[in-house]
Each structure stands twice: as C-alpha cells, then as structure tokens.
Amino acid sequence: MSDIQAKMRETAKDLLEKGEIKYVIGWEKGRFPNQSPPAFITSPEDANRLAWDDYCLAGTSKYLLDDKFPEGKIGVFVRGCDSRGVNRLIQDNQVKRENVYLIGIPCAGKKDPDTGEMAKKCRECTHPNPVVFDVLLGEKVPETDKPERFNDVIALEQKSPDEKYEYWAKQFDKCIRCYACRNVCPACNCRECFVDQYQVGWQGKQNNRAENQVFGLTRAYHIADRCVECGECERVCPMGLPLMELNRKLIKDLNELFGPYESGVDLEVKPPLGFYKNDDPDEYM
Ligand code: SF4
Ligand code: SF4
C-alpha cells in the first residue's frame with residue numbers, strides 16, 4: 001500500500017471518528033483494475049475503501065454541488081486540479097469555504113486507462129500541487145517543468161478562417177450532446193443550464209451541426225474566464241472532441257486582453273469577465 005493511500009485512510013478515519021466531517025469524497029477501486037472511480041466515505045470503518053493509485057483520474061470538486069447546504073463539513077481530497085475546482089465553486093457562491101475540509105494531495109499525474117500512458121489532462125497540468133488545503137498529505141511535487149499551455153491553440157491559429165471553420169464543424173458533427181462535458185465541469189454550475197430550458201428554446205433538440213455548435217460554443221463562452229483547465233470535459237467526452245483547444249483559445253485571448261490569468265488559483269483574483277472597472281480601458285466605456 002502506498003504511503004499516501006495509508007495517510008488518506010488514516011486522515012479520513014480520524015476526521016470521521018471525531019465528527020469533524022460528515023463524509024469524505026475521494027477514490028476507491030471499482031470493478032476494473034485500470035479504473036479508480038470517485039468514492040463517498042461516510043463512516044470510519046469504510047475509510048479503508050479509499051484508494052490512491054495511477055487511475056484516480058476523476059475530479060472530486062464537482063460533487064460538492066450535490067450537497068450545497070450540508071449539515072456538517074464535507075471532506076474532499078484535492079489535487080491541484082480539484083483544489084482549483086473548489087475555488088471556482090467558492091468564487092461562484094456555490095460552496096462555502098467553511099463547509100469543506102480540504103485534504104490536499106500533491107499529484108505527479110495519473111494514467112489513461114485505455115493506453116496506460118500518462119493521461120492527457122495530466123500532461124497538460126500546470127498546478128500539480130493543491131492551491132488550497134486544510135491539511136497536506138505527502139511532499140509537494142516539483143513544479144519546474146510547466147507545459148506550454150497554448151501550443152495547440154497557436155497551431156490552430158495558423159489556419160485560415162475557412163480551415164478553422166471546417167476543423168471545428170467536423171468536431172461538432174461528432175458531438176452527440178450527451179452533456180457529459182457539462183456535467184463533469186466545476187465551472188458549469190448554473191442552477192438550470194440553458195440547454196435544459198426547453199420552453200425558452202435556446203437549445204434545439206435536433207442533433208445536427210448547427211445545434212451542436214450552439215451548445216459547444218455557448219458553453220465555451222459561459223465558462224471562458226472560469227475554466228480551471230482541469231481537462232475533465234475532454235477526458236469524459238465519448239466522441240473525443242478536443243474541448244481543451246476551444247477552452248484554451250478563449251483563455252489565451254483573455255490573457256492577451258486582460259493580462260495573465262489562471263482561474264481558480266487565487267480566490268482574491270476575480271474572473272476578468274465577472275466584474276467591471278470604472279476605468280475600463282475599452283473605448284465604449
Ligand atoms: S461530452 Fe462530447 S459528445 Fe457529449 S455533449 Fe460534450 S462535446 Fe458533445
Ligand atoms: S471547461 Fe473542462 S477544463 Fe474547464 S473547468 Fe470545465 S471541465 Fe475543467
């Protein structure tokens with residue numbers, strides 16, 4: 001058993017026994033050796049179900065939305081990506097910081113269950129260590145080799161407008177509008193998503209290029225300055241859409257327009273599209 005896994009179990013057991021948390025969200029082994037799905041541990045005896053191995057890929061923060069008004073604190077195991085997701089939910093007034101107990105785990109990356117190689121979202125990770133936590137398990141991972149976030153976007157920007165349209169149209173043709181990308185996303189935290197407002201009719205029911213583009217592009221703009229780059233949307237997409245290329249194109253544009261910005265890293269830094277300044281540099285102001 002790994003040191004971290006033993007510490008996870010011990011910490012969860014202790015917190016549950018003392019009644020400091022109501023339950024804890026982590027990972028456990030499921031039916032398949034190459035998968036470690038999320039786990040919800042509600043009693044000290046069950047703490048031994050917790051697992052920490054190469055396949056703890058799923059994000060933990062989004063589940064906090066299912067219990068927005070908890071009777072006690074919720075324990076959450078957070079890596080860098082999860083901790084940014086928690087910050088996202090706090091900044092969007094979906095979760096209160098005092099309602100969560102964050103157990104930080106530095107993470108050097110997880111494996112793709114299909115290939116056994118490091119998962120794409122982990123190869124692209126810029127914050128392997130939790131950015132916020134109440135207790136940290138293990139030593140921090142070195143952060144010296146940060147990947148270049150915008151390489152894919154820069155390559156796409158070289159294409160002509162027609163080529164870009166063709167590229168994205170073909171991607172959206174594949175989308176089956178399962179909404180898995182939205183469901184897993186900590187930035188997609190509206191009480192009612194625009195696609196579910198059928199009476200208003202923002203989103204048509206047909207599965208065709210136009211309707212798929214309405215969904216994909218509207219979602220991208222909705223989360224443009226709030227995406228924490230966890231890569232979960234792309235990971236869960238069953239049709240393999242390169243959603244991070246779209247997310248990072250908007251993030252790159254925002255960085256160029258408003259200065260360097262990474263969502264969910266610092267609670268004190270507001271999303272650039274989420275507030276206004278009287279001395280806004282834009283001419284129309
Ligand atoms: S997860 Fe993929 S297929 Fe499903 S709605 Fe999102 S983009 Fe479309
Ligand atoms: S859009 Fe994708 S990468 Fe960004 S926060 Fe949502 S799930 Fe994570």
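Ile103 of strand β4 has Val135 as its bridge partner in β5. In this predicted model, β4 covers residues 100–104 and pairs with β3 on one hand and with β5 on the other. The briefing below covers the sheet around β4, the surroundings of ligand 1 and ligand 2, and two residues with positive phi values.

**Strand β4 and its partners**

- Strand β5, residues 135–136, runs parallel to β4, and two bridges join them.
- Besides the link between Ile103 and Val135, Gly104 stands opposite Leu136 of β5.
- Strand β3, made up of residues 74–78, is also parallel to β4, and five bridges connect the two.
- Within that pairing, Leu102 of β4 is the bridge partner of Val76.
- Between β3 and β4 the chain passes through helix α2, residues 80–91, and the resulting β-α-β crossover is right-handed.

**Burial of β4**

- Strand β4 is mostly covered, with five of its five residues buried.
- Cover is present on both faces of the strand: Val100, Leu102 and Gly104 are buried on one side, and Tyr101 and Ile103 are buried on the other.
- Leu102, the partner of Val76, and Ile103, the partner of Val135, therefore belong to opposite faces of β4, and both are buried under the 20% limit on relative accessible area.

**The sheet as a whole**

- The sheet is open and consists of five strands, in the order β2-β1-β3-β4-β5, with mixed pairing.
- The edges are taken by β2 (38–41) and β5; each has a single partner strand, so one side of each lacks a neighbour in the sheet.

**Surroundings of ligand 1**

- Ligand 1 sits in the largest cavity.
- The residues around ligand 1 include the run Cys175, Ile176, Arg177, Cys178, Tyr179, Ala180 and Cys181.
- Phe215, Cys237, Pro238, Met239 and Leu241 also belong to the surroundings of ligand 1.
- The shell of ligand 1 holds eleven nonpolar residues, one charged residue and no polar residues.
- Arg177 is the charged member of that shell, because arginine is counted in the charged class.

**Surroundings of ligand 2**

- Ligand 2 sits in the second largest cavity.
- Of the 13 residues around ligand 2, those that come nearest are Cys185, Cys227, Cys230, Gly231 and Cys233.
- Helices α8 (232–236) and α9 (243–258) each contribute at least two residues to the shell of ligand 2.
- By class, that shell comprises eight nonpolar, two polar and three charged residues.

**Two residues with positive phi**

- Asn93 has a phi near 60°, a positive value in a residue that is not glycine.
- Asn93 lies in the loop between α2 and β4, and with a relative accessible area of 69% it is exposed, because that value is over 50%.
- Arg177, another residue other than glycine, has a positive phi near 50°.
- The position of Arg177 is in the loop between α5 (161–174) and α6 (180–184).
- Arg177 has a relative accessibility of 11%, and therefore counts as buried, since that value is under 20%.
- Arg177 is also one of the residues that surround ligand 1.

Key: Residues numbered from 1 in each chain as written. Chains lettered and ligands numbered in written order. Predicted model: local features only at pLDDT ≥ 70, side-chain atom pairs only at ≥ 80, totals over all residues. Heavy atoms only, no water. Buried < 20%, exposed > 50% of the residue type's maximum accessible area, 1.4 Å probe, protein only. Helix = DSSP H or I, 4+ residues; strand = E, 2+ residues; numbered from the N terminus. Pairing = 2+ DSSP bridges. Right-handed = clockwise from strand over helix to strand, strands pointing away. Near = heavy atom within 4 Å. 1 Å grid on protein atoms, 1.4 Å probe; cavity = no way out; pocket = protein on both sides within 12 Å on 5 of 7 lines; lining within 4 Å. Sits in = over half its atoms within 2 Å of the grid points.
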